[in-house]
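This report looks at where protein and DNA meet, taking one DNA strand after the other. Please keep the structure in view while reading.

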2 protein chains.
Amino acid sequence: MTKESNDASHWRDFENNPLSHSMAHYLMAIDSLRNEFGYARSTDVADMLGVSRGAASMALTQLKKRGWVGEDHNRFLLLTEEGVRIASMVEHNFIILSKFFEEVLGVRQDIAAGDACKMEHLMSNETGKRLLWLMQDLLSDEELAVRVRERMKEYGKGCNIANVDECPICHGAGECLVTAEAPDTH
Amino acid sequence: MTKESNDASHWRDFENNPLSHSMAHYLMAIDSLRNEFGYARSTDVADMLGVSRGAASMALTQLKKRGWVGEDHNRFLLLTEEGVRIASMVEHNFIILSKFFEEVLGVRQDIAAGDACKMEHLMSNETGKRLLWLMQDLLSDEELAVRVRERMKEYGKGCNIANVDECPICHGAGECLVTAEAPDTH
DNA sequence: AATAAATGTTTACCATGGTAAACAATATGA
DNA sequence: TCATATTGTTTACCATGGTAAACATTTATT
């Protein structure tokens, strides 16, 4: 294996993701505003997202060009069919991820929501649907679900793996985060 | 609730993440090169990541300023203690996520790896450690693990939830992705 | 209808993180 | 040693996605 073949081709899929985090939130803001107030204007979107009217104006121009946003007969913003599909997927991914982190893994609510918000637009539909499929069981009252949740309750103040060799992931090879403190960067 | 209070304050944590996707991969490239060849130079990093030497030069200057990268007595690139910690966490997160997607959820290997690569630097240590804790069980041969994996095998060609009302997440409210096709954007 | 307020757009700017190309500094080999 | 390669850095540029401020347009209100 040459060093070039290692990683070069795929790591930049992140920046080439067809849907940016920013665009996802513009779409969801329109969806949310229309559900709550029945209409959405550029300024409302800007206020909801906490950006300037100029930023919203330019972003919405892009979204219209991509065919994800349109206007209704009153010139209010409207998601196209495709726009609705994308916004729905991201919203669904957020709910799936945050519920999984919070209700299955037992992560603190704000951390769970923060992590989910960052990842929501990056999880593929395939992964999202399978995670949902699993959670149908894990959030039920059946024995399997109860035992998984019981197991997570044993996760104490920190991870109780005392020895790095016990890590089922790295098997003690190299640096292991099981016992490590979180860096300042997270 | 005003519309402003909704979402404005947190969705931009994504772009304010102290560790960018790009920076994470520069750190991991140095780690990987040193493990494989015993040294890492700017050009090697550029080749491994498939970017120009100029881009690598500028990125590495930033990483040195942040105190995550240094040079050894031969002027070869070196991760600082903090750099190692960050690179390790991201690498660990990648392994945890891709194993979870592939071996627990049954996602196709390339999709699992792609999703994990995009999310690796965004998952908090808290969430990562708890997911690892859960996977210690789910990847074992114990009854609980076997039953979870059996359950995932029942996930057929698609999600078999025929009716949106059956979705345990949205309970039929609004657009539901359970039965939806993946948009082109993923 | 005239004025004022609200809304929307454009412009010049910022930062990140790429490129290509010019240039500078090191190695290396005849 | 001297010429050539390799390695590293800088520069001018690109795109995304923000800001503030100027400007234009639309909607109310008197």
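## Phosphate contacts of strand D

In this predicted model, an N or O atom in the side chain of S22(A) lies 2.6 Å from a phosphate oxygen of DNA strand D. S52(A) also reaches a phosphate oxygen of DNA strand D, here through a backbone N or O atom at 2.8 Å. From chain B, the side chain of R41(B) places an N or O atom 3.0 Å from a phosphate oxygen of DNA strand D.

The elements that give two or more residues to the surface near DNA strand D are, in chain A, α1 (21–37) and α3 (53–65), and, in chain B, α2 (42–49) and α3 (53–65). The largest share comes from α3(B), which gives 4 residues to the surface near DNA strand D.

## The surroundings of strand D

DNA strand D is surrounded by 18 residues, and the closest of these are S20(A), S22(A) and S52(A) from one chain, with T43(B) and R53(B) from the other. Sorted by class, the surface near DNA strand D is made of 7 nonpolar, 8 polar and 3 charged residues.

Which parts of DNA strand D are within 4 Å of the protein? Of the strand D atoms within 4 Å of the protein, 58% belong to sugar or phosphate, while the rest belong to bases.

## Phosphate contacts of strand C

For DNA strand C, a polar side-chain atom of S57(A) lies 3.1 Å from a phosphate oxygen, and a backbone N or O atom of S42(A) lies 3.5 Å from a phosphate oxygen of this strand. Chain B takes part through Y26(B), whose side chain has an N or O atom 3.2 Å from a phosphate oxygen of DNA strand C.

Two or more residues of the surface near DNA strand C come from each of α2 (42–49) and α3 of chain A, together with α1 (21–37) and α3 of chain B. Among these elements, α3(A) gives the most, with 4 residues.

## The surroundings of strand C

Around DNA strand C there are 18 residues, of which R41(A), T43(A) and R53(A), along with S20(B) and S22(B), come nearest. By class, the surface near DNA strand C holds 7 nonpolar, 8 polar and 3 charged residues. Of the atoms of DNA strand C within 4 Å of the protein, 59% belong to sugar or phosphate, and the rest belong to bases.

Technical notes: Residues are numbered from 1 along each chain as its sequence is written. Chains are lettered from A and ligands numbered from 1 in the order in which they are written. This is a predicted model: local features need pLDDT of at least 70, side-chain atom pairs count only at pLDDT 80 or more; totals for chains, interfaces and linings use all residues. Side-chain values use heavy atoms; hydrogens and water are left out. A residue is near a molecule or strand if one of its heavy atoms lies within 4 Å of it. A polar contact is a pair of N or O atoms within 3.5 Å; within protein, one must be able to donate a hydrogen and the other to accept it, and residues adjacent in sequence count only if both atoms are side-chain atoms. Ala, Val, Leu, Ile, Met, Phe, Trp, Tyr, Cys and Pro count as nonpolar, Asp, Glu, Lys and Arg as charged, and the others, Gly among them, as polar.
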